[in-house]
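User: I'd like a close look at one part of this model, with the backbone and its surroundings talked through together. Could you walk me through it?

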Amino acid sequence: MTKTVGTWILFFTLCLSNGFGQTSSFTKGKITNSKNLYRENMFIHYNAPVLLTGEYLYYSIYSINAKMKELSTFSKIGYVELIGEDTNVIFKHKIKLTDGLGQGEFFIPVTVSSGSYKLIGYTQWMKNSGKNYFFQADIGIINPFKNNQESILKHIEVAQINTGPDSNIPDVIGVRENTPPLSLKPNKKIFQKRNLAHLNINVHEKNMIQGNYSISIRKMDSIEGPLTLNAQEYIISQDTENIGDKKTLSGQMYLPELRGELISGKIIPKEANFPLIEEKLALSIPGEQFVLKLSRTDKKGAFYFNLNQEYKNSHASIQILGKNKNNYRIQLNKQSAVNYDDLIFKTFTITPKMKNLILERSVYNQVENAFAEMKPDTIQYKDAIVPIYRKFSNVYNLDDYTRFSTIRETVSEIIEHVWVQRSTDAEDVFQVRGDEDTTDSNFLPLVTVDGMLIQNHGDVIDFNARKLKKISISRSEYVINSITYKGVIAIETIEGDFFEGFKKDYITTIELFPPLTAKKYFHQEYNAETKSTTQQIPDFRQQLLWLPQLILESDKTKIDFFTSDVAGKYEICLEGFTSKGNPISVKETFMVE
């Protein structure tokens with residue numbers, strides 16, 4: 001099995017890395033066979049089944065190899081959606097997966113109505129198995145700012161809805177009758193407000209140390225909502241042989257996103273009699289830390305770009321390179337939306353007796369949000385944005401020099417080893433003198449402005465140099481996707497807006513759907529050093545801790561956290577998978593007085 005799966009991974013990787021040949025190579029039969037051999041599941045650990053507007057839905061993703069029962073390294077992108085009963089998409093997140101793991105969050109705005117919702121998770125590859133293989137969990141949302149709550153209001157009190165004090169919420173020691181392989185032990189069962197607490201994680205079976213887990217510590221709800229699906233129950237449900245429709249969505253075949261986001265499309269001749277041949281294309285994501293990708297079409301005009309780098313811009317351009325660039329138009333492949341018309345939602349209700357509970361919680365949320373700037377999360381960039389070319393040999397910050405009117409004059413007077421000359425096609429082009437140990441060639445340099453590749457150098461040679469911030473030069477020969485450039489000239493404008501005004505018929509502007517950036521979430525601390533500031537700030541946190549990714553390095557792990565000003569019963573919930581793919585779900589409770 002491992003050898004067969006590895007063969008398919010190699011096959012897909014070669015096709016995607018070459019950037020062409022997928023349309024002819026990916027036959028329906030091959031994808032059907034591969035999806036049966038290498039099916040993915042996705043489990044999502046989320047922080048609460050009932051949320052109010054003004055709160056955060058936190059989640060951690062585990063992409064699972066359904067056959068090998070371990071974290072999947074196949075797909076590098078996951079998708080998470082929140083769907084309403086009217087099938088409207090409240091949010092759709094694209095999440096970068098690293099060794100099968102990802103994380104995200106969503107702040108629930110006041111525009112979201114009270115009601116029942118579905119949290120959905122999948123990869124592009126999972127679409128080939130049908131949405132019955134997607135992760136699906138029920139979530140109840142209450143919007144206390146809406147006067148009309150009839151969609152969830154139940155006027156007759158029902159036994160299963162607990163409206164009593166928090167102390168009536170039952171203890172949760174574990175999720176199954178068997179003794180869990182690890183245990184959660186807070187250092188106390190009862191804490192005071194703003195107390196330092198220690199959570200001890202004790203591993204009873206040595207093979208459970210190696211694994212990936214996530215932890216939520218949150219005040220338990222007096223409002224009973226949908227049942228939270230844990231990792232153990234989810235894996236059992238996915239192991240069922242006949243879980244429903246195994247047809248692909250819309251009958252379409254979906255390629256796996258093996259190396260990152262997959263942007264694909266095809267070029268179409270503008271004239272019916274113009275031959276369709278292999279052409280080169282460039283994708284540019286502009287910005288100070290820009291991304292530039294080159295690819296080739298196959299003989300049918302199909303092309304593919306893999307985005308495996310972090311980027312910050314939501315706009316990009318694709319252009320056809322070479323003398324035939326004006327003879328084609330670009331048609332992108334759009335991701336088809338999943339049809340959720342047949343989703344079945346669990347009923348979620350509240351009663352009039354819950355009014356004070358909801359009002360108090362809503363007030364706490366508003367106070368917390370008012371002080372959000374005092375409790376910031378930290379963005380974590382996992383992958384450094386590395387230019388596609390070598391290190392620059394010279395960087396010219398133009399404020400350090402006399403300013404000239406045009407780039408032509410600037411190059412002539414300031415930039416060493418670079419000049420403008422007339423080509424055999426009677427066009428002005430840049431030239432870069434190669435390093436001393438390189439041979440001369442007839443290749444032109446790669447020229448970019450704010451990350452956009454410039455084919456016709458004459459488009460920028462007389463550009464207003466007073467708008468430029470710097471010009472960076474590399475004299476080394478550079479080869480990308482079999483295209484050779486004699487050096488690199490990277491031009492950066494002061495405003496970084498060259499992309500907005502540079503329009504050509506052969507350039508297609510596209511909207512990107514960037515993955516969420518991973519965050520390290522705020523960790524509240526109370527000590528002598530912070531007392532002067534923290535004592536003036538209210539603390540109405542109901543979510544005391546959210547760790548989306550936790551790796552246990554020994555059989556005893558201690559995690560510190562601080563309680564808030566909110567009294568009540570709290571639940572510690574650990575979910576995850578061992579390195580052998582065994583699902584782990586453990587819970588424990590404590591009180592804050």
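In which loop does Asp450 lie? Please take that spot apart for me, then move out to whatever else helps to set the scene.

Analyst: Sure. Keep in mind that this is a predicted model. Asp450 sits in the loop that links strand 24 (446-449) and strand 25 (452-453).

Start with the backbone there. Asp450 isn't a glycine, yet its phi is positive, near 55°. As a rule, most residues other than glycine have a negative phi. As for exposure, Asp450 has a relative accessibility of 4%, so it counts as buried, the cut-off for that being under 20%.

There's a useful partner to hold up against it. Asp99 is another non-glycine residue with a positive phi, about 55°. Asp99 also belongs to a loop, the one between strand 6 (89-96) and strand 7 (101-107). But its surroundings don't match those of Asp450: Asp99 is exposed, with a relative accessible area of 52%, whereas Asp450 is buried at 4%.

Now back to the strands around Asp450. Strands 24 and 25 belong to an open sheet of five strands, which reads 21-26-27-24-25 and has mixed pairing. Strand 25 is an edge strand of that sheet, as is strand 21 (394-397), and each of these two pairs on one side only. So the loop holding Asp450 leads between strand 24 and strand 25, and strand 25 is one of the sheet's edges, which means that it pairs on one side only, a pair needing at least two bridges.

Further into the sheet order, strand 26 (residues 468-480) and strand 27 (residues 483-493) run antiparallel and are joined by 10 bridges. If you want a register mark for that pair, use Ile471, which stands opposite Ile491 in strand 27.

One last thing, on empty space. The structure has two cavities of 30 Å³ or more, and the second largest holds about 30 Å³ of space. Its lining is made up of Phe43, Ile44, His45, Tyr46, Thr228, Leu229, Asn230, Cys573 and Glu575. Two elements each give two or more residues to that lining, namely strand 1 (40-46) and strand 32 (568-578). Strand 1 contributes the most, with four residues. By type, the lining of this cavity splits into five nonpolar residues, three polar and one charged.

Key: Residues numbered from 1 in each chain as written. Predicted model: local features only at pLDDT ≥ 70, side-chain atom pairs only at ≥ 80, totals over all residues. Heavy atoms only, no water. 1 Å grid on protein atoms, 1.4 Å probe; cavity = no way out; pocket = protein on both sides within 12 Å on 5 of 7 lines; lining within 4 Å. Points joined across faces, edges and corners; volume = space filled by probe spheres on them. Nonpolar A, V, L, I, M, F, W, Y, C, P; charged D, E, K, R; others polar. Buried < 20%, exposed > 50% of the residue type's maximum accessible area, 1.4 Å probe, protein only.
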